[in-house]
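Biologist: Could you take me through the aromatic ring pairs in this one, slowly? Start with whatever background on the fold helps, then zoom in on the rings.

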Amino acid sequence: MKLTINNLSFGYAGVSILKNIDLNVEIGELIAIVGPNGSGKSTLLKCMNRILKTKPNSILINDQDTSKLSIKELSKLMGYVPQTSVSAFPFTVFDVVMMGRKPYVHWSIGERDNGIVFQMMTLLGIDHLAMRQFSELSGGEQQKVIIARALAQQPQILLLDEPTSSLDIKHQLEILCILKGLTQSKGHAVIVSIHDLNLASRFCDKLFMLKQGSIYAMGTPEEVLTAKNIDAVYGIKADVSISTTGKPIVIPVVNDFADFTSKISFFFEEKEELKI
Amino acid sequence: MTTSTVDLKKLYSKDKKKKILVIFSIFLALIVTILISLSFGASSPRLSEALTVIFSKTFPFLNIGSASPLSETIIWTIRLPRIVLAIIAGAGLATAGATMQGILRNPLVSSYILGISSAAGFGAALAIVFGVSIATFAGYLVIGNAFIFCLIAMVIVYSIARIRGMSSESVILAGVAVGFLFSALLSLIQYIAPERNAVTAIVFWLMGGLYTASWQNILICLPIVAIAMILMMTQAWNINVLSMGEDVAVSLGVNSKRILSINMILETVATASIISFTGIIGFVDLIAPHISRMLIGNDHRYLIPCSALMGALMLLGADTVARLIIMPTELPVGIVTSLIGVPFFIYLLIHKRRHRFS
């Protein structure tokens, strides 16, 4: 099982978002896609999942062109967890996870489908929430429900769009540990887009750093997370050191607050004058 | 607090049984309402006589004996067709409303969202005032024209939405715009209509009602609505998945644009073939699905059948009240549906906030 992206370019209405992306993911790998806002992380995930249509032969699974697969066939190979999940109507947790069986069932749910749904809920530790309303859960619980739904698709590749960005540090770790576990023991390939460079460094096997729609750097956390790369991609100064885990750790450095301070104080002074 | 899988399965099957029980209760209520509706009216025949007529007509070989010819006429050609039409119309409109709410992910959507109520009104008015009809099937001038204009509205909405990429917002906006266009044209016709009688006839048609019920009409209406309803019910899973958003639907293997197109057609055909005969019957299509959502939850596999029964129950109940309340004349059914339905709906709205069904 491997996912290959071959010279992928994508744009909306003439505005180019992704440029000549080449990427290889093997089974058992946890991959992070990092980069500034607007660098194309979410778009890349949506292209992989064919939510956005791309040119033929740009995305291959086991050397097979995914544009030749029906979206139903693809949904059995690939699960997708969006950045936020809002349901138009309230559903129970069980119903939401059961939606993951959609590629396999047309109308009636079999014992096997029930079994898989129960199994995935137990795996993610949300079985006690089964009959609760999805919309009433906390952000961390909702994220687990949606991951359980994606796993109920029995995919080999799991795509997650910023799965940790609205979670506290404990839930962030929990989600990433689950994803790590999936890659190590269950033989999934997991691709996450993520803003937190330290989490990416701690958990991911490989990082792809995007800059304006192109891959600027790729490799292990040590190779990608260097002060030079971070300056080039994000335009900020950062200290990169090695933590006790042996992984690089990134601390942003701002040497000079003076510029902002003068700007802000100027703005407030003007307001005061206006009041008088 | 962890629950074992066995408990979980019990909990789940209990939930499922509860849903089936709700559907069955509504079904029973519908049967009772049918019997009440059969046995009361401006003239005499009561339940026993009514049942004799129905059984002797449907199973002539049983030799049950027969009721008086007068009773037979009242039951068989007046009350029963009207009951059947109420059930078809209520069920069809509520099914269309429930699926469109689900697919467009908007609780304010009714089965008239594609502008078809105004279009049907315009088509009917055109036929009433000028005697002009695009489609004249023998004697079905007004009905045929109302139906055709529903389809025209749908095609316009579809074409606009298609250019805008078939998103649910574009369908709703195009539907509202087309609805306003046809309602302006309808006003224009009423304004320039040469005869006062014609204007009265238009207003009467727009109010809607089941007084046109006849076996002949039912024979045309029933097969179309029944087939459309069955096809809409097969969309239940797709609609469930779509309510989590179009991107998620695609990632679960559901082609959201195709589902939207298919359901626009099904919904229009079902609604159009009902309102062409009955005029604009509102409210049921919006509220019956909502009452059902509160009673049974949002799994469309249960919700759509439940809405269909609820719509049939509401419309038949309202029509029975409308027939009986100021005998020997009757109120327009639309007035009664709102007067009874709204307080009930508001009660559920307030009540369910505290005691949420799980």
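Modeller: Sure, here is the setting, followed by the rings themselves.

Bear in mind that this is a predicted model, so local features need pLDDT of at least 70 and side-chain atom pairs count only at pLDDT 80 or more, while totals for chains, interfaces and linings use all residues. As for bookkeeping, residues are numbered from 1 along each chain as its sequence is written, chains are lettered from A and ligands numbered from 1 in the order in which they are written, and side-chain values use heavy atoms, with hydrogens and water left out.

Chain B has 14 helices and zero strands, where helices are DSSP runs of H or I with at least four residues and strands are runs of E with at least two, numbered from the N terminus. Its radius of gyration is 22 Å, close to the 21 Å that the globule rule gives for 358 residues, so chain B is as compact as a globular protein of that length. That radius is taken over C-alpha atoms, and the rule is 2.2 Å times the number of residues to the power 0.38. The C-alpha trace of chain B spans about 70 × 50 × 40 Å along its principal axes. Of its 358 residues, 54% count as buried, meaning under 20% relative accessible area, with exposed being over 50% and partly exposed in between (1.4 Å probe, protein chains only).

Now the rings. There are seven aromatic pairs over all chains; Phe, Tyr and Trp (its six-membered ring) pair if their centres lie within 6.5 Å, and planes under 30 degrees apart are stacked, over 60 edge-to-face and the rest tilted.

One of these pairs sits in chain A: Phe10(A) and Tyr12(A) are edge-to-face, 5.3 Å centre to centre with 85 degrees between the planes. Phe10(A) is buried at 13% relative accessibility, whereas Tyr12(A) is partly exposed at 41%.

Over in chain B, Phe149(B) and Phe182(B) also meet edge-to-face, with 6.2 Å between centres and 80 degrees between the planes. This pair links distant parts of the chain: Phe149(B) belongs to helix 5 (residues 141–163) and Phe182(B) to helix 6 (residues 168–192), 33 residues apart. Phe149(B) is buried, with a relative accessible area of 8%, and Phe182(B) is buried too, at 4%. Phe122(B) joins in as well: ring pairs link Phe122(B), Phe149(B) and Phe182(B) into a cluster.
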